[in-house]
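This report describes the fold, the packing and the charged pairs of one protein chain. The sequence and the model come first, and the text follows.

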Amino acid sequence: MAENFLQPIGEKTMEEVGDEYFDELIARSFLQPHSTEENKFVMHDLVHDLAMLIAREFYFRAEKFQNTIEVDKIRHLSHNAKGDYPMSKILKICDRIKHTRTFLEINLESHIPFNMENAPCILLSQLKYMRALSFKCFPLESLPDSLIHLRYLNLSETYIVTLPESLGNLYNLQILKLTLCCNLKMLPVSMQDLVNLRYLDIWGTMLHEMPKGMSKLESLHFLSHYVVGKDEENKIKELGALTNLEQSISITKLENVVNSSEALEARMFDKDGIDSLWLSWSWYEGENMVDFEIERDILDKLQPSIGLKELAIDGYRGTTFPDWLGHSSYHNITEVTLDGCSNCCRLPSLGQLASLKHLTISKFVNLGIVGAEFYFCQNDESCLETPFPMLETLEFSSMPWWEEWHSSEFSAFPRLRVLTINWCPMLKGDLPNHLPSLQSLEIQNCELLNYCVPRTPGMTSLSIQGSNEVRIGELPPLLGNLSIERSDHLVQSVVEATTLTQLTCLTSLRISGCSSQIWFPVSAIPPSLQKLTIEDCRELEFQMDGQHHSLQQLLIEKSCSSLTSFSLLDSFPNLVRVEIKYCGKMESVAVSRSLPRLRSLEIDDCWSLKSVSTLWMAAPQLEQLSLLKCPEIDLSPTGDPHRSLRSLTISYYQKQVISAAFMNLQFHGLTHLRIEGGYRESESVKCFPKEGWLPASLESLGLVGMKSVETLECKGLAHLTSLQRLRIDGCAKLENIEGEKLPASLIRLTIVRSPLLSKRCEMKDPQLWPKISHIPGIQVDDRWIW
């Protein structure tokens, strides 16, 4: 058991590898102690503790800034980007840590790369004895050719465009990760020289084809992706020699396979270690010139090992599938995805896969009927009596000519939990009426489908969109989530009848796109309901005939267009979150009762709304308030100060920003403030903010879309002694910072889409830089300035 934990990158045991690998083991303990799915360096807690005891002086985690550190003995180094230790500090000592064997960049968010594009190259030019190196998410564009000792190299999510031909000199390299290197289009020809390479992950790259001679990498155990080329040395047959492949592989550009003999040379049937396979053809204009028989033979010869667990086929160009797809011998398959097989007019016999749990079928544009062939193999005498015995989720989507689903005559799907049918506009008839295990049903854009909800006592979620032909019948008693969109008939039958009150388990109800006039009595809402969403129902009106004590979330959007006064909140005294959007005629939100549990209130695009003061005064625990595009609202103090509010988002209007509301008179504990411009009244603002406008308790401030602001006033921020984060976003004319300097408490300044100010910061303009240089973290358009 211990040997597994101590297993390094290769197959050697602890006794065989000696001190060199022990160094790497210690590095993994200190610098990346937790295992991940792709990093199988699992370490037992006892071994971790032992490594910590033995090698304290040989490792260093750069997380917190330290003026003096003993660096000469460092062998293992990591940099935590979420800490406050700058990369520039490491660069200054790289000549003293040249014997470092491990460097790992951890916790670096992909959307926050460093501005020092040459930093990795500077570092690598010094650290020539590196064994394990991770520059994940760095803006690295090239790689030095001096790292001949490397065994582990992770360049995932970097900007790297090319790898040097000298990569082939890294004969010790065993793991190479290039995941999501979106600029990488080619791998060097010298890849074939990496004879010890065991793990190559190139998922998410933009490779046009594989380098020549991949068949020489016989030690390869994992290859995430293979792009079939047209040249003799990068065709699909190169996979044939890679007999040790394990886990998963995707093979793309299969249109470059000329005939079935080439496909057979890949020897996919012999690769017992592969448990997940994705086969993909690219669409091209000559699609109508395809020889369907050759295409079927190619897929036939790509038959995988019977140990396969997951299979995806994308863009297959034949009209029928080979017999192996759906054959009962594939007893381990649990997931199948068939996508974009546009020429196919019939489905394979997937009902005979005894372990199949998840099935997705989409973009079969020529499929008209799903019949018996879907359930049974015609040439198999040992067919399962119950097709799809283990299937749990089934999805059909984007099937424009699918008209018939023959299902009632087969006793299939005994364990189906989730059924989804999207964008099948020609589908008619009924759904399977006996689905004893069904829990979730989603039907979208199936206008001709005339069906009853299956008799399924355990159904908990039902979503119906774009069908007026639904026969609702009796809804399942355990239904917890109900969503109805663009189906007036169904909305009326559910709301205006007593159907809802019978759903004693319903917790979420969404009604959207209803064009008919509907009266919605509050008394009809089931007592268990916690979330109610009404969208784009302009003729819907509520009937205030009682109170409901369980509702916690209320979202009203583009609805109740005739209402000028909104008093619905009085019917729901225990609301926690309220959103009201795009109700243009609404002038007031009237609240006569207390809302003791209300924590969040968001009002957006209610141009006629004049006052919400009675609302937040009735909500003593309100913590988050957002008022956007509501120019008539006045935030002036109306009584006792509101002490619970912590976060406020508003649009820039004179009535709101210049009012006394922003002084400590109104909001004593406000810590987060976001002000959005881009409206008429904000176009004349040149300087911001004025003295006394902002509450002294602020910890974060965001100025967004203030397009006319030219100057940021330090005087208006000087009293904000608790301010830690300042974000300036979309302030196109902002160029100057007037005053002594920004508050000393700031730890993060972010400037985005504000080119004039960004340029001056990047250049460290002598008139501006002294006012911001004290801030530890300055981020300018996804670049850091130190």
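Two residues are in contact when heavy atoms of theirs lie within 4.5 Å of each other. The model discussed here is predicted.

**Packing around Trp-405**

With residues up to four places away in sequence left out, Trp-405 touches Val-370, Tyr-375, Leu-394, Phe-396, Phe-413, Leu-419, Ile-421, Leu-427, Asp-430, Leu-431 and Pro-432. Trp-405 also belongs to the largest nonpolar core, which has 194 residues. Within that core, the residues that touch the most other members are Leu-239, Phe-374, Trp-405, Phe-413, Phe-520 and Leu-742. The element that gives the most to this core is α8, with four residues. A second core, separate from it, has six residues, including Leu-104, Ala-132, Ile-175 and Tyr-199. In soluble globular proteins, nonpolar side chains tend to be buried together.

**The chain as a whole**

The protein chain has eleven helices and 41 strands. Of its 786 residues, 53% count as buried. Among contacts between residues at least 6 apart in sequence, 51% join residues at least 24 apart.

**Helix α8 and the strands it packs on**

Helix α8 covers residues 488-495, and its buried residues are Asp-488, Leu-490, Val-491, Val-494 and Val-495. Seen down the axis of α8, these buried residues fall within an arc of 165°, so they line one face of the helix. They pack against four strands: β20 (461-465), β21 (481-485), β22 (508-512) and β23 (518-521).

One of these strands, β22, is joined by five bridges to β24 (residues 531-535), and the two run parallel. Here Ile-511 stands opposite Ile-534 in β24. Strand β24 is in turn joined by five bridges to β26 (residues 553-557), again in parallel. In this pairing Glu-535 stands opposite Glu-557 in β26.

**A three-stranded sheet**

Further along the chain, three strands form an open sheet in the order β34-β36-β38, with parallel pairing. The edge positions are taken by β34 (687-688) and β38 (736-738); each has a single partner strand, so one side of each is left without a neighbour in the sheet. Strand β36 (residues 711-713) is joined to β38 by three bridges. Glu-713 has Glu-738 of β38 as its bridge partner.

**Salt bridges**

Side chains of opposite charge can pair when their charged atoms come close. A search of the whole structure finds 21 salt bridges. Three of them are listed here, with the distance from N to O.

| Residue pair | Distance, N to O |
|---|---|
| Arg-267 and Asp-270 | 2.3 Å |
| Glu-710 and Lys-686 | 3.9 Å |
| Arg-727 and Asp-729 | 3.5 Å |

What does the pair Glu-710 and Lys-686 tie together? Glu-710 lies in the loop between β35 (700-704) and β36, and Lys-686 in the loop between β33 (672-676) and β34, so the pair ties together parts that are 24 residues apart in sequence. Glu-710 is partly exposed, with a relative accessible area of 34%, and Lys-686 counts as partly exposed at 39% relative accessibility.

For the pair Arg-267 and Asp-270, Arg-267 has a relative accessibility of 46% and counts as partly exposed. Asp-270, at 38%, counts as partly exposed too. In the third pair, Arg-727 is partly exposed at 35% relative accessibility, whereas Asp-729 has 9% and counts as buried. The cut-off behind that last assignment is a relative accessible area under 20%.

Salt bridges that share partners also join Glu-232, Lys-235, Lys-237 and Glu-262 into one network.

**Thr-205, a polar residue in a loop**

Thr-205 lies in the loop between β7 (199-201) and β8 (222-223). Is Thr-205 buried or exposed? At 11% relative accessibility, Thr-205 counts as buried. The side chain of Thr-205 reaches the backbone oxygen of Ile-202 at 2.8 Å. Leaving out residues up to four places away in sequence, Thr-205 touches Leu-178, Cys-181 and Leu-184.

Key:
Residues are numbered from 1 along each chain as its sequence is written. This is a predicted model: local features need pLDDT of at least 70, side-chain atom pairs count only at pLDDT 80 or more; totals for chains, interfaces and linings use all residues. Side-chain values use heavy atoms; hydrogens and water are left out. Buried means under 20% relative accessible area, exposed over 50%, partly exposed in between (1.4 Å probe, protein chains only). The arc is that of the directions from the helix axis to the C-beta atoms. A nonpolar core is a set of buried Ala, Val, Leu, Ile, Met, Phe, Trp, Tyr and Cys residues joined through side-chain atoms within 4.5 Å. Two strands pair if DSSP finds at least two bridges between them. A salt bridge is a side-chain nitrogen of Lys or Arg within 4 Å of a carboxyl oxygen of Asp or Glu. A polar contact is a pair of N or O atoms within 3.5 Å; within protein, one must be able to donate a hydrogen and the other to accept it, and residues adjacent in sequence count only if both atoms are side-chain atoms.
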